[in-house]
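Dear colleague,

I am handing over the structure we talked about, and I would be grateful if you could look through it alongside the notes below.

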Amino acid sequence: MVRMGVTASAPAKVILFGEHFVVYGEPAIVLAIDKRAYAKAELREDKLLHVHSVNLNLSGYFDGEAFRVEQGDEKRAKFKLEPIKVAVEKVLEFRGEKVGLDIEVNSTVPVAAGLGSSAAVASAVAAAVGGLLNVKMSKEDVFRISYEAEKVVHGTPSGIDPAISTFGGALLFQMDTGFKPLETKDVPLIVGDTGVERSTGVQVAKVRSVKERYPRVVEGMMRTAREVVLRAIDALKERDLETVGDLMNINHALLCGLGVSDESLEWLINAARKAGALGAKLTGAGGGGCMIALAENERLEQVLKAVQRVGGRAFIAKKTDEGVRIEQT
Ligand code: PMV
């Protein structure tokens, strides 16, 4: 039986430790947070795929490889909506039959900001279409589909974003060995968005170029990044926030060394540290986007206000254990 319309959602994430290094096989720690992307799937009478992103004000039709924009700039619409098409096609491959669909995406996750919005959208879309068409898919399947969609966003994703948006909670992620749930006590965090949109692909390419120019130097940084993650595992388990904060600062210094911080991030990070944060760093690809700051619960408001005062769109983030889920049928 095919249902009328199915909505699914998936969470955003913050990378606590190890972004960029993870692309080269090092471990990373990632946390799902309480901001979600929603996708609704409905059947169409024709064989077209219509995608509407409410929060981006973009919409258009896919007819096989052809794209026709309906709302927004054509190039931007195709770029932003293409990963959704890939996610839908992968679910239809599971089903073995092509159908026309209307997909509506609505996300509370800041876009191109390092919070994994594209992966959250892709996971939600895959689950909604699967739910609508009664396709039996495990979470592993949703993860793989969302990973394929992520490859459209940037060529060499580690898979960390699709993994966390699908499974939720906290994960220790490594490309070769996969990912496993990580035991953490509460991690009191502020997220500060610089409002500077950037491309993950551009930042990943920047790191690749630094690595090619200074292979032995970057090799040393990789080793340090690995040690930071290994040390953080215990600190998170024991809620040793002081150590977690120190390690965040060290991780940020490594990312600065790779050239992926910028002035907008440094403003917010310095403001957070001055206001009493135990540690602060950029999160995700950098070059703008978001930073995170760790603070004792009683200092969270103070750090939040300090980040807002220097122009950051800041909020307190809570870990969520809920990965991708069906919302309503
Ligand atoms: O989703 P973003 O833009 O926060 O970046 C993902 C993290 C990177 O390590 C920079 C890239 C990747 O694929 O792991």
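What follows goes through the domains, their interface, the ligand site and one loop residue.

Please keep in mind throughout that this is a predicted model.

The domain assignment divides the protein into domain 1, residues 5-183, and domain 2, residues 189-317. The C-alpha centres of domain 1 and domain 2 are 25 Å apart, and the contact between them involves 30 residues of domain 1 and 41 residues of domain 2. Between them the two domains bury about 3,000 Å², with 70% of that area on carbon and sulfur atoms. On the side of domain 1, the residues that lose the most area to domain 2 are Phe-17, His-20 and Phe-21, which together account for 25% of what that side buries.

As for polar interactions across this interface, two salt bridges are found between domain 1 and domain 2, and eight residue pairs are in polar contact, counting pairs with both residues at pLDDT 80 or more. Looking at which elements build the side of domain 1 that touches domain 2, those giving two or more residues are strand S1 (5-17) and strand S2 (28-43), and S2 provides the largest share, with six residues. Sorted by class, that side of domain 1 has 19 nonpolar residues, together with five polar and six charged ones. A salt bridge that you can inspect directly is the one in which the side chains of Glu-19 and Lys-281 meet, with an N to O distance of 2.8 Å.

The ligand is surrounded by 16 residues, the closest being His-20, Ser-158, Asp-161, Arg-198 and Thr-200. His-20 therefore deserves a look in both settings, given that it is among the residues of domain 1 that lose the most area to domain 2 and is also listed among the closest to the ligand. Among the side-chain contacts with the ligand, an N or O atom of Thr-200 is 2.5 Å from a ligand oxygen atom, an N or O atom of Arg-198 is 2.8 Å from a ligand oxygen atom, and a polar atom of Lys-13 lies 3.1 Å from an oxygen atom of the ligand.

Finally, Lys-98 sits in the loop between helix H1 (74-95) and strand S6 (101-107). Leaving aside residues up to four places away in sequence, Lys-98 touches Lys-47 and Leu-92, and the side chain of Lys-98 reaches the backbone oxygen of Lys-47 at 3.4 Å.

With best wishes

Note on methods. Residues numbered from 1 in each chain as written. Heavy atoms only, no water. Domains from an automatic or database assignment. Contact = heavy atoms within 4.5 Å. Buried area = accessible area lost by both parts, 1.4 Å probe. Salt bridge = Lys/Arg side-chain N within 4 Å of Asp/Glu carboxyl O. Polar contact = N/O pair within 3.5 Å; in protein donor to acceptor, adjacent residues only side chain to side chain. Helix = DSSP H or I, 4+ residues; strand = E, 2+ residues; numbered from the N terminus. Nonpolar A, V, L, I, M, F, W, Y, C, P; charged D, E, K, R; others polar. Near = heavy atom within 4 Å.
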